[in-house]
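Biologist: I am new to this structure and would like to go through it slowly, asking at each step what a given label rests on. Could you show it to me before we begin?

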Amino acid sequence: MTGNPASPGQAVGVVARPATAPELPAEVPAPGPAQDEVDAAAAALGSVVADLTERAAGLTGEARDILDTQIAMADDPALVDGIRAAVDRGRPAAWAVHDAFAVHLEALAALGGYLAERTGDLADLRDRAIAVLLGVPTPGIPVRDEPFVLVGVDLAPADTVTLDPAKVLAIVTSKGGPTSHTAILARSLGIPAVVGCADADSLADGDRVVVDGTRGVVVTSPDDDAADRVARAAAEREASLARHSGPGATADGHQVKLLLNVGGATDGDVDAEGVGLFRTEFLFLDRTDAPSREEQRRAYGEVFRLFGDRPVVVRTLDAGADKPLPFANADDEPNPALGVRGYRVSWRKPDLLADQLAAIADAAAEHGTDVRVMAPMIATAAEARAFVALARSAGLGNVGVMIEIPAAALRAADILAAVDFVSLGTNDLSQYAFGADRVLGELGALLDPWQPALLDLVALVAEAGRAAGKPVGVCGEAAGDPGLAPVLVGLGVTSLSMSAPAVPAVRAALRERTLDDCTDLAERVRRAPDPATARSRALG
Ligand code: PEP
Ligand code: MG
């Protein structure tokens with residue numbers, strides 16, 4: 001079976017599927033007294049909230065935010081009002097829950113973008129409450145004594161954030177693309193994963209499978225030899241990763257900085273050389289107005305403190321499209337991914353960017369951190385020059401821009417003349433180069449970072465960087481793929497920025513090859529006609 005390679009590594013194990021969402025019986029039973037039905041529905045929601053609260057207790061960061069948002073949704077008084085109205089129309093508790101959620105699901109879906117993506121969270125709440133009312137198993141990760149391969153349609157956010165990496169050997173989903181919640185979580189936990197594998201729906205509890213998250217392949221009923229080989233290779237791989245530490249470099253000592261992508265104050269105790277992408281919008285999400293300069297200074301300062309004398313690249317606010325903010329973006333854009341997003345927001349709201357740059361400079365001065373700033377969604381050299389002027393006037397010395405629009409990649413030389421460094425955002429660069437919405441799982445094959453056309457754009461920018469003598473990093477998801485990392489280095493990229501769990505495998509992949517090996521590999525991969533051939537040339 002094939003799907004999208006979503007998180008690298010191999011594993012062998014036995015399939016366990018989450019309980020599916022409960023279905024309401026076709027025949028609607030006669031309801032009990034109205035107040036009893038309302039009480040039952042409210043109690044079911046209450047028990048779901050209690051369960052989520054318990055799970056949220058041990059979590060921090062993004063995982064915690066996802067559950068807290070879900071808990072807030074379940075606590076919304078409008079929901080109970082909706083349930084009461086449905087009961088008054090004669091619906092029993094479980095059906096009333098279904099109807100009340102339907103109104104909110106429709107409203108959320110109509111908002112589009114990031115908010116529409118939260119419909120999954122809301123539908124998951126509804127299913128959990130209905131399961132309690134019908135007395136059927138709650139949908140979610142199965143509980144087993146032995147580790148297993150988790151196979152499902154797609155995982156609910158509440159499950160993905162509380163999944164125990166010690167119990168889950170690999171993840172396979174029949175839906176979802178490389179940028180889905182599931183894929184991002186699997187990568188951040190270092191669990192091999194294949195997503196969008198349509199045939200996975202035919203896998204049943206207890207089936208034995210080999211999952212190859214590097215190539216996007218699931219092998220059913222492997223013979224014992226094949227299974228042993230995979231298990232041994234996975235164990236050897238673990239051992240070889242543990243042998244390497246320290247700065248990123250190829251076997252012959254060519255240095256390639258290994259940096260982290262962070263979204264706030266996380267664990268700074270990671271063997272990495274600094275932060276290559278600090279996504280600041282997490283501080284702005286779920287708010288109706290912008291945080292003050294003082295609030296921003298404190299939040300940025302927390303991150304700077306964690307990284308001590310290591311450099312931190314802060315990306316200025318990237319509001320819009322998949323990360324819309326009510327105070328920054330217009331809500332009537334027909335194509336928000338092509339709208340006033342990222343750096344463009346500063347044309348309408350110059351104070352937002354000016355305040356942010358000032359807060360970053362304040363925090364940098366306070367902590368003595370080597371802070372660099374970069375702007376997202378730069379399209380032209382004139383925009384790059386304007387951003388550099390703003391950042392310098394805020395007192396920030398090391399200023400770069402992201403290259404994530406094909407026009408910027410094509411004119412990288414002009415842009416590099418204006419800035420100190422550039423960083424390739426391969427997630428958006430794929431989206432715009434292939435005209436494929438990055439959040440649509442169905443378009444996963446076009447968004448594959450091994451697409452030769454994407455690698456051509458990376459090469460163009462790296463060559464311009466070499467000519468200008470300025471650093472060219474990659475901070476999109478492509479940088480954390482240990483198969484692709486040597487290819488990017490061979491193309492001339494000078495730093496790779498990724499989530500913390502991706503670092504050891506990328507470090508090992510670079511240490512296993514000389515720079516010449518990387519260059520040869522990059523040439524062969526670029527000549528490939530399609531991503532599958534490109535992958536097989538690199539991975540064998
Ligand atoms: C990118 O586009 O590749 C990137 C790193 O930024 P984001 O994913 O936050 O848009
Ligand atoms: Mg981007």
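Modeller: Here it is, and please keep in mind that this is a predicted model. A good place to start is the surface, where Asp252, Asp516, Asp517, Asp520 and Glu523 gather in a patch of negative charge.

Biologist: What makes this a patch of negative charge?

Modeller: The residues named are aspartates and a glutamate, and Asp and Glu count as negative. Aspartate 520, one of them, has its place in helix α20, residues 515–526.

Biologist: Why is aspartate 520 called partly exposed?

Modeller: Its relative accessibility is 45%, and partly exposed covers what lies between the buried limit of under 20% and the exposed limit of over 50%, so aspartate 520 belongs in that middle class.

Biologist: And why does serine 221 count as exposed?

Modeller: Serine 221, which is found in the loop between β7 (217–220) and α9 (224–243), has a relative accessible area of 65%; because exposed means over 50%, the label applies. Its phi is near 40°, a positive value in a residue other than glycine.

Biologist: Methionine 377 also has a positive phi, near 60°; is this residue buried or exposed, and how do you know?

Modeller: Methionine 377 lies in the loop between β11 (371–375) and α13 (381–393), and its relative accessible area is 1%. Buried means under 20%, and therefore methionine 377 is buried.

Biologist: Turning to charged pairs, what makes the contact of arginine 17 and aspartate 201 a salt bridge?

Modeller: Their side chains meet at 3.9 Å, N to O, and the definition asks for a nitrogen of Lys or Arg within 4 Å of a carboxyl oxygen of Asp or Glu, so the pair qualifies. The two residues are 184 residues apart in the chain, with arginine 17 in the loop between β2 (10–16) and α1 (34–57) and aspartate 201 in the loop between β5 (193–195) and β6 (208–212).

Biologist: How do you know that arginine 315 and aspartate 318 form a salt bridge, and why are they called buried?

Modeller: The N to O distance is 3.6 Å, which is within 4 Å, so the pair counts as a salt bridge. Arginine 315 has a relative accessible area of 3% and aspartate 318 one of 0%; buried means under 20%, so both residues are buried.

Biologist: Which residues are linked with them in a network of salt bridges?

Modeller: The network links Glu281, Arg315, Asp318, Arg341, Asp428 and Arg438.

Technical notes. Residues numbered from 1 in each chain as written. Chains lettered and ligands numbered in written order. Predicted model: local features only at pLDDT ≥ 70, side-chain atom pairs only at ≥ 80, totals over all residues. Heavy atoms only, no water. Patch = residues over 30% accessible without salt bridge, like charges linked within 9 Å, V, L, I, M, F, W, Y side chains within 5 Å. Areas by Shrake-Rupley, 256 points an atom, 1.4 Å probe, with all protein chains shown as cover. Charge placed at Lys NZ, Arg CZ, Asp CG, Glu CD. Helix = DSSP H or I, 4+ residues; strand = E, 2+ residues; numbered from the N terminus. Buried < 20%, exposed > 50% of the residue type's maximum accessible area, 1.4 Å probe, protein only.
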